[in-house]
Amino acid sequence: MSEHYFTLARLYSLSRQFHARSWVWFLDIDGTLLDIAPSPLAVTVPDDLIVSLNRLAESPRHRIALISGRSLADIDQLFPNPLFSKSGNHGAEYYCNNKTWLHYSSRRFLAVRPRVLDTLASLPEQFPGLFIEDKQYSLSVHYRHVNSSQHALLSTILRTRLSSVESITIHPAKLCWEIRPDPGPTKADAVQRLYNQISPQLPKPTLPVIMGDDRTDEDAFGAVNPAVTIHVGNHNRPTQALYRINSPQQVRDLITDVSRAACFFAEASLSPEDNG
Ligand SMILES: [Mg+2]
């Protein structure tokens, strides 16, 4: 478990160590860039975050890649900049370089999705506060507003009902169950596929920076090597990430600092060494 905290100074130091001349920022959204809200629809995207991300994306040496469990349409609504690369539904759908594409498992999930929805249809009535989010290539069963005394029963019922549906798996997330194709993609696929698209356009060496806050991001942390991997939030949670950041606010502050530095060193590099 890492106890090293990530700062702009550490980014400078690592960039010198790797002789980095470009950076790809793989960023989870909820709990990483944005504070967790009572529901996925209730998040707010601070204006200064948009300014900083846009500024970074316009730098010739930086790329933004958003990797989320949200649908691609949802990500587009929150972050409409077409310069950002994006992967939605934990690697099921992609946008990069003006192209969109699907992971091979996504059409398979579409075939079983009506059965899954039918199977779960009565749950919101049975468990007041439960909310099913249909993300087309996966489903999220949110139970943060369900009485905690009912969580274990809900888990049992969910698993029992879905046991008859083939080619799906249930992943635990933050007060939510993710129902996804099995076998299916992970955030490791998302990072690798987008990195393969993005990196040929950048000056070498490129240093990927991967940030995330929950279990699904652990897959992303192992996706490419070398990479700077940063776990956001909960200090007690074990992580494969090399570094930690305390909160989404600190992530946003870092992105702002980096985007200002990137702007200042527009035609050179972020690394002070490269800039004399
Ligand atoms: Mg997250």
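Two strands are taken to pair if DSSP finds at least two bridges between them, and on this criterion the predicted model contains an open sheet of 8 strands with mixed pairing, arranged in the order β5-β4-β3-β2-β1-β10-β11-β12. The edges of the sheet are formed by β5 (99–102) and β12 (243–245), each of which has a single partner strand, so that one side of each is left without a neighbour in the sheet. From one strand to the next, the twist averages 20 degrees.

At the β5 edge, strand β4 (residues 93–96) runs antiparallel to β5 and is joined to β5 by 4 bridges; within this pair, Y95 stands opposite T100 in β5. Helix α2 (residues 47–58) packs on the sheet through contacts with β1 (22–27) and β2 (62–67), and the direction of α2 makes about 130 degrees with that of β2. Helix α7 (residues 187–198) likewise packs on the sheet, where α7 touches β1, β2, β3 (85–88), β4 and β10 (206–212), its direction making about 155 degrees with that of β2.

With regard to domain organisation, the domain assignment of the protein chain gives domain 1, comprising 8–103 and 185–264, and domain 2, comprising 105–181. The C-alpha centres of domain 1 and domain 2 lie 27 Å apart, and 14 residues of domain 1 are in contact with 14 residues of domain 2. On the side of domain 1 that touches domain 2, the residues divide into 4 nonpolar, 8 polar and 2 charged.

Terms used
Residues are numbered from 1 along each chain as its sequence is written. This is a predicted model: local features need pLDDT of at least 70, side-chain atom pairs count only at pLDDT 80 or more; totals for chains, interfaces and linings use all residues. Helices (H or I, at least four residues) and strands (E, at least two) are DSSP runs, numbered from the N terminus. Axes are lines fitted to C-alpha atoms, for helices over the stretch in contact, and angles run from 0 to 180 degrees between N-to-C directions. Two residues are in contact if their C-beta atoms, placed from the backbone, lie within 7 Å. Domain bounds come from an automatic or database domain assignment. Ala, Val, Leu, Ile, Met, Phe, Trp, Tyr, Cys and Pro count as nonpolar, Asp, Glu, Lys and Arg as charged, and the others, Gly among them, as polar.
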